[in-house]
Amino acid sequence: MPENVLDCLVIGGGPAGLTAAIYLARFRRRFQVVDAGASRAALIPTSHNHAGFPEGIHGKALLSRMTEQARKYGAHIVHGRVTDLERRADGVFVARVGPDRIAAHTVLLATGVVDREPDLPDVPDAIQRGLVRHCGICDGYEVLGKRVAVIGHGSSGLHEALFLRTYTADITLLSLGCPLTLSRDERRAAAEAGIAVVEEAVERVVVEGDQVRALAMRDGECRSFDALYSALGSDARSMLVHDLGTRLDDKGCVVTDEHQRSSTEGLFAAGDVVRSLDQISVAMGQAAIAATAIHNLLRGVPSPKEAPDDTLSFSPQNLCSCCSSPEAGRR
């Protein structure tokens, strides 16, 4: 029997993967989304800066709406984990999902990242309740004038603290007992911004209602905060493409061009697994670009770098031939 090869396999069911699913379904492509159910978006208590939701939206609610929309157009979304991905000599990708193997002409990697969590008790529950945050860009506005602690061991923690200084003057940088690797200039910058630096280890987290009431330090002192931010970084879920020789940056994120193509032919990436601003809106935009590029690749439309003018500009003409047709100008 002839082999059943999909047009595309989407790995990951977060905002990037589901946006790609909506586009690919509406492009009438044969594809499948494999979702391990580990999207970082599901941990968001309320997203206040995602356009279209003035009152904010819970991460799980957003994912549910996107899943419903993709399935409305016939998207095939299954729960599972891709444990191995290879590319055969004929260019077809083969992914292993449990006992099954899925073959596809193209792959969109939308696996995201995993946050490095602070060594504090009951961290997952605290994240769900909005007590431990990871993104000042997302919700710094919600801590206006409040007491904020930033957990970090070096420059990244200080940069997060300085960013949040836009919203509040009461900021403490905590190292949780680890050596705080700041230069003399960085310590001076912290002092000039009024940021307190505490390198003492934390013995206990005191939570009352919806507030981190205090951190009990090893020296017996208690420090009270309204919100904790973790600035310990994250790890890209790019393990699947290591054996493919796909180019990664120094953070382990997939390097892509302006059409979300990786260095491995036929492999695209979108969302937080790509080195970019980790925002839902960015992930969705990248997924729309990737899905359109995949659709055109399968149609045989030359990419900008293969086209005669060798353009690298960002325009609709680079992504779809219909916008540059003579008829398009008369619509």
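A salt bridge is a side-chain nitrogen of Lys or Arg within 4 Å of a carboxyl oxygen of Asp or Glu. With that rule in hand, this tour proceeds through a predicted model, beginning with charged pairs and ending in the nonpolar interior.

**Stop 1: charged pairs**

Select Arg88 and Asp90. Their side chains meet in a salt bridge, with 2.9 Å from N to O. Colouring by accessibility separates the two partners: Arg88 counts as partly exposed because its relative accessible area is 26%, whereas Asp90, at 52%, is exposed.

Next, select Arg133 and Asp139, whose side chains form a salt bridge at 3.9 Å, N to O. Is Arg133 buried or exposed? Arg133 is buried, with a relative accessible area of 17%. Asp139 also counts as buried, at 15% relative accessibility. The cut-off applied here is that buried means under 20% relative accessible area.

Continue to Glu221 and Arg223, which are joined by a salt bridge of 3.5 Å, N to O. Glu221 counts as partly exposed at 35% relative accessibility, and Arg223 is likewise partly exposed, at 24%. Then display Arg40, Asp115, Asp272 and Asp278 together: salt bridges with shared partners link these residues into one network. How many salt bridges does the structure hold by this rule? The count comes to 16.

**Stop 2: aromatic rings**

The structure contains 2 aromatic pairs. For one of them, select Tyr23 and Phe27, and show both ring planes. The arrangement is edge-to-face, with 6.3 Å centre to centre and 65 degrees between the planes; the assignment follows because planes over 60 degrees apart count as edge-to-face. Tyr23 is partly exposed, at 35% relative accessibility, and Phe27 is partly exposed as well, with a relative accessible area of 26%.

Now add Arg26 and Tyr73 to the selection. Arg26 lies over the face of Tyr73, at 4.8 Å from the ring centre.

**Stop 3: the largest nonpolar core**

Hide the charged side chains and turn to the interior. In soluble globular proteins, nonpolar side chains tend to be buried together. The largest nonpolar core here has 31 residues. Which members touch the most other members? They are Cys8, Val10, Leu24, Phe31, Ala75 and Leu108. To see the surrounding framework, colour β1 (5–11), α1 (15–26), β2 (31–35), α2 (59–72) and α7 (280–299), the elements that each give two or more residues to this core.

Centre the view on Leu24, which lies in helix α1. Leu24 is classed as buried because its relative accessible area is 0%. What does Leu24 contact beyond its neighbours within four places in sequence? The contacts are Cys8, Val10, Arg29, Phe31, Ala291 and Ile294. Draw a distance between the C-alpha atoms of Leu24 and Cys8: the two residues are 16 residues apart in sequence and 8.6 Å apart in space.

Move next to Val10. With residues up to four places away in sequence set aside, Val10 touches Gly17, Leu24, Phe31, Gln32, Val33, Val34 and Leu108. Leu24 and Phe31 thus appear in the contact list of Val10, and Val10 and Phe31 appear in that of Leu24.

**Stop 4: a separate core**

Finally, select Val34, Leu85, Leu240 and Val254. These residues are among the 24 that make up a second, separate core. Val34 is a useful place to finish, as a member of this second core that is also touched by Val10, one of the residues named for the largest core.

Terms used:
Residues are numbered from 1 along each chain as its sequence is written. This is a predicted model: local features need pLDDT of at least 70, side-chain atom pairs count only at pLDDT 80 or more; totals for chains, interfaces and linings use all residues. Side-chain values use heavy atoms; hydrogens and water are left out. A nonpolar core is a set of buried Ala, Val, Leu, Ile, Met, Phe, Trp, Tyr and Cys residues joined through side-chain atoms within 4.5 Å. Buried means under 20% relative accessible area, exposed over 50%, partly exposed in between (1.4 Å probe, protein chains only). Helices (H or I, at least four residues) and strands (E, at least two) are DSSP runs, numbered from the N terminus. Contact means heavy atoms within 4.5 Å. Rings of Phe, Tyr and Trp (its six-membered ring) pair if their centres lie within 6.5 Å; planes under 30 degrees apart count as stacked, over 60 as edge-to-face and the rest as tilted. A charge sits over a ring if NZ of Lys or CZ of Arg is within 6 Å of the ring centre and within 35 degrees of the ring normal.
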